[in-house]
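Work through the exercises below with the sequence and coordinates open. Each task is followed by a solution in steps.

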Amino acid sequence: MYKNGSKRCSFLNNVYDTEVSIALLLIRCFVGVMMLTHAIDKIKNFTDIAEGFPTPFGLNSWVALMIITTAEFGCSILIIAGLSTRVAALILMIGMATAAFFTFPSFSLSTSELSMLYLAIYTFLFITGGGQYSTDRFIHRYYEKNKVRG
């Protein structure tokens with residue numbers, strides 16, 4: 001048992017400290033906005049991009065582009081809001097791992113570094129969650145406060 005009465009490990013308790021939660025908020029907003037720029041660019045130039053878009057796992061290029069664009073756009077908004085942060089981060093982890101390791105014929109750091117950087121950030125968010133300043137946390141607090149005590 002820890003000094004605050006929790007049985008959780010100290011790292012997870014620190015996730016809800018103010019400084020760490022502010023850092024998580026800033027990381028969520030930054031990575032969310034950065035990924036949104038990729039998604040918006042794909043939406044604006046969908047037809048042009050679709051013709052030469054990589055086809056991992058044998059998918060049609062239009063289908064592959066639609067899947068990744070939807071994931072990048074929707075999950076970025078969820079991450080910025082801190083709503084279903086871990087689910088959104090997991091979906092984007094899969095997308096970035098696909099982009100890094102399965103999109104190009106031969107893997108190299110020069111072609112995969114951006115995808116791997118996003119993959120690392122999304123892995124971090126998957127592990128930590130959205131922090132204290134997230135919609136997930138506000139929902140959790142609301143249900144804890146209004147839970148029927150028996």
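The exercises go from confidence and fold to aromatic pairs, single residues and a pocket.

This is a predicted model, in which local features need pLDDT of at least 70 and side-chain atom pairs count only at pLDDT 80 or more, while totals for chains, interfaces and linings use all residues. Residues are numbered from 1 along each chain as its sequence is written, and side-chain values use heavy atoms, with hydrogens and water left out.

**Exercise 1. State where in the chain confidence is lowest and where it is highest.**

Step 1. Take pLDDT, the predictor's confidence in each residue from 0 to 100. The chain averages 87, and 86% of the residues score at least 70.
Step 2. Go to the extremes: helix 1 (residues 10-14) has the lowest mean, 55, and helix 4 (residues 61-81) the highest, 96.
Step 3. Apply the caution that predicted coordinates should not be read in detail where pLDDT is low.

**Exercise 2. Describe the secondary structure of the chain and its contacts.**

Step 1. Count DSSP runs, numbered from the N terminus (helices: H or I, at least four residues; strands: E, at least two). The chain has seven helices and zero strands, giving the pattern α-α-α-α-α-α-α along the sequence.
Step 2. Use contacts, meaning heavy atoms within 4.5 Å. Of those with a separation of 6 or more, 63% join residues 24 or more positions apart.

**Exercise 3. Classify the pairs Phe57 and Phe102 and Tyr118 and Tyr122.**

Step 1. Set the criteria: rings of Phe, Tyr and Trp (its six-membered ring) pair if their centres lie within 6.5 Å; planes under 30 degrees apart are stacked, over 60 edge-to-face, and the rest tilted. The structure holds four such pairs.
Step 2. For Phe57 and Phe102, the centres are 5.3 Å apart and the planes at 50 degrees, so this pair is tilted. The two residues are 45 apart in sequence: Phe57 sits in the loop between helix 3 (46-52) and helix 4, Phe102 in the loop between helix 5 (85-101) and helix 6 (109-128).
Step 3. For Tyr118 and Tyr122, a centre distance of 6.0 Å and a plane angle of 15 degrees give a stacked pair. They are separated by about one helical turn, because they lie four residues apart in helix 6.
Step 4. Compare accessibility (buried under 20% relative accessible area, exposed over 50%, partly exposed in between; 1.4 Å probe, protein chains only). Phe57 is exposed at 60% and Phe102 partly exposed at 49%, whereas Tyr118 is buried at 8% and Tyr122 is buried at 0%.

**Exercise 4. Is Lys42 buried or exposed, and which residues does Lys42 contact?**

Step 1. Lys42 lies in helix 2 and has a relative accessible area of 14%, so Lys42 is buried.
Step 2. Leaving aside neighbours within four places in sequence, Lys42 contacts Ile49, Phe53, Leu65, Ile68, Thr69 and Glu72.

**Exercise 5. Locate Gly131 and give its distance from Thr18.**

Step 1. Gly131 belongs to the loop between helix 6 and helix 7 (135-145); at 4% relative accessibility, Gly131 is buried.
Step 2. From Gly131 to Thr18 the C-alpha distance is 8.9 Å, across 113 residues of sequence.

**Exercise 6. Which helices each supply at least two residues of the lining of the largest pocket?**

Step 1. Lining residues have an atom within 4 Å of a pocket point. There are 27 for the largest pocket, with Phe53, Ile68, Gly95, Ala99 and Thr103 nearest its centre.
Step 2. The helices are helix 2 (18-44), helix 4, helix 5 and helix 6.

Notes: On a 1 Å grid over the protein atoms alone, a cavity is a set of points where a 1.4 Å probe fits but cannot get out, and a pocket is an open set with protein on both sides within 12 Å along at least five of seven lines; lining residues have an atom within 4 Å of a point.
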